[in-house]
Amino acid sequence: NTYACEVTGTRGIYNVEWPGIAMKCKVNNMFNKSDRSIHGYVKFHNNRKDKKGHLAGGYLNLTSISSRTTLVNRLKDAEPDVNWRHCVEQICEWIIDDWQVGTEVVVLDEESIGDIDEEARYLVHPLIEAECINLFYGHGSHGKSLMAQLLACLLSAGIQEYEGLRMERPAPVLYLDYEETKRALFRRVIGIRKGLKLPPSSTINYRSMSRRLSEEQERLMDICMETNMSGGLLIIDSVSKACGGQQQEQEAIVAMTTTIRELQQAFNLTTLLIAHENKQGELFGSVFLWNESRAVFHVRKDQMQGEHELSIGLFHLKSNNGGILPKPEGFRAAFTDDGATVITTQDVKESIELEKYMTVSDRIANSLSDGPKTAWDIAQELSDPDGRTYSENHIKKELSKRPWFVNTKDHKWALSAEE
């Protein structure tokens with residue numbers, strides 16, 4: 001029992017403790033070489049009251065007998081009364097087994113997988129699908145980060161429902177910030193929490209970032225363990241800098257999403273990426289960013305110069321695990337004089353600018369909600385986001401193929417009674 005050890009961690013980061021002899025060891029930065037050897041950085045720490053401190057550290061070939069022996073001898077020199085050969089053998093064999101096994105094989109049945117109903121798909125219904133990569137993209141200052149910060153505040157505070165959003169459970173949040181400073185982000189969080197009638201201080205975990213995400217994998221694994229991020233939300237703001245400015249390169253996107261995948265598998269994380277659009281209004285970057293994301297929303301805003309509020313529309317473009325939302329999700333953010341940011345739900349059709357980005361069919365329905373109209377009347381009323389009007393024939397085609405539009409006797413169209 002003296003040498004019974006406690007091992008925590010997985011996927012290349014391990015903390016080992018021997019309570020009976022008051023010793024600790026940490027192993028991280030693990031990798032394989034082409035000769036099938038397994039390497040990792042080990043650091044031994046003396047936890048005895050009278051001798052606390054570092055014992056030995058360095059890269060170790062866990063599969064090499066001679067490398068293990070060298071480490072044992074170094075440890076004996078530092079603390080000779082410990083059976084270091086036994087300790088080193090313990091950690092090497094346990095870690096090698098775990099490292100080689102990887103993720104477990106499961107049977108696809110109800111007992112193994114658990115709840116798979118519609119609600120279980122989401123961390124935040126209907127915006128954030130659980131345990132996968134979600135993506136908000138749009139032009140700068142269009143409300144992408146603001147919406148991410150709202151979600152962070154709601155989940156970390158344990159709020160169950162808010163303005164049409166349903167949080168399936170409370171969840172820890174880690175915000176990886178490539179854009180702002182901690183003071184600027186905290187100021188935003190304070191404003192949102194004030195709008196939610198919460199005190200200023202939150203439990204959101206924040207880290208300022210500068211290096212590529214893939215270069216930070218080991219440290220992020222540590223952080224997720226230290227902050228108990230199991231089942232939490234990871235927010236990365238933004239993709240361009242997380243890829244080192246190479247978001248148009250497949251290799252950079254794959255490196256980033258591979259790191260995310262490792263974190264997700266180790267801690268059952270859900271991820272929200274913040275990205276930008278190009279000059280054509282499309283997602284900026286490699287097609288692999290679109291492909292790797294399971295749910296994608298295009299975020300747009302409507303705001304007049306000098307106004308202290310903005311309308312935000314989240315247009316659902318992709319879902320690998322279900323259907324596309326029938327209509328965009330709309331919100332209104334008001335910035336009050338007392339520093340609060342009050343975010344409430346808003347029908348997108350109430351915003352003249354955002355309404356233009358709805359489908360033609362939805363826009364026709366919006367128009368007909370005022371009463372029956374001819375196809376020509378509707379065509380004159382509507383224009384696309386670039387200001388071009390639709391032809392009468394275009395409108396007639398849309399009217400004809402949708403069952404919720406009915407043609408009246410006076411050549412006008414109306415919404416069906418059911419609609």
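Reader: Hi! Which residues have the most contacts inside the largest nonpolar core?

Author: Happy to help! Keep in mind that this is a predicted model. Within the largest nonpolar core, which has 38 residues, those with the most contacts are Ile128, Phe136, Leu165, Leu272 and Leu314.

Reader: Nice. Which helix gives the largest share of this core?

Author: That is helix H4, residues 144-157, with 9 residues of the core.

Reader: And what does Leu272 touch, leaving out residues up to four places away in sequence?

Author: Leu272 touches Ile128, Asn134, Leu135, Phe136, Ala148, Leu151, Leu233, Leu234, Ile235 and Ile236. There is also a second, separate core of 32 residues, and Leu273 is included in that one, along with Ile133, Met209 and Leu220.

Reader: Switching topic: at what angle do the axes of H1 and H2 cross?

Author: Roughly 140°, with the axes coming within 9 Å. Angles over 145 degrees would count as roughly antiparallel, so H1 and H2 are oblique to each other. Their crossing is right-handed.

Reader: Which residues of H1 and H2 make the contact?

Author: From H1, Arg68, Thr69, Leu71, Val72, Leu75 and Lys76; from H2, Trp84, Arg85, Val88, Glu89, Cys92, Glu93 and Ile96. By class, that contact has 7 nonpolar, 1 polar and 5 charged residues.

Reader: Last one! How many residues of helix H11 are buried?

Author: 9 of the 9, residues 360-368, so H11 is largely enclosed by the rest of the structure. Among the buried ones are Asp362 and Arg363.

Reader: What covers the buried residues of H11?

Author: The cover includes helices H10 (352-355), H12 (375-381) and H13 (392-401), plus strands S19 (405-407) and S20 (413-415).

How values were computed:
Residues are numbered from 1 along each chain as its sequence is written. This is a predicted model: local features need pLDDT of at least 70, side-chain atom pairs count only at pLDDT 80 or more; totals for chains, interfaces and linings use all residues. Side-chain values use heavy atoms; hydrogens and water are left out. A nonpolar core is a set of buried Ala, Val, Leu, Ile, Met, Phe, Trp, Tyr and Cys residues joined through side-chain atoms within 4.5 Å. Buried means under 20% relative accessible area, exposed over 50%, partly exposed in between (1.4 Å probe, protein chains only). Helices (H or I, at least four residues) and strands (E, at least two) are DSSP runs, numbered from the N terminus. Contact means heavy atoms within 4.5 Å. Axes are lines fitted to C-alpha atoms, for helices over the stretch in contact, and angles run from 0 to 180 degrees between N-to-C directions. Angles under 35 degrees count as roughly parallel, over 145 as roughly antiparallel, 65 to 115 as roughly perpendicular and the rest as oblique. A crossing is left-handed if the near helix is turned anticlockwise from the far one by less than a right angle, and right-handed if clockwise. Ala, Val, Leu, Ile, Met, Phe, Trp, Tyr, Cys and Pro count as nonpolar, Asp, Glu, Lys and Arg as charged, and the others, Gly among them, as polar.
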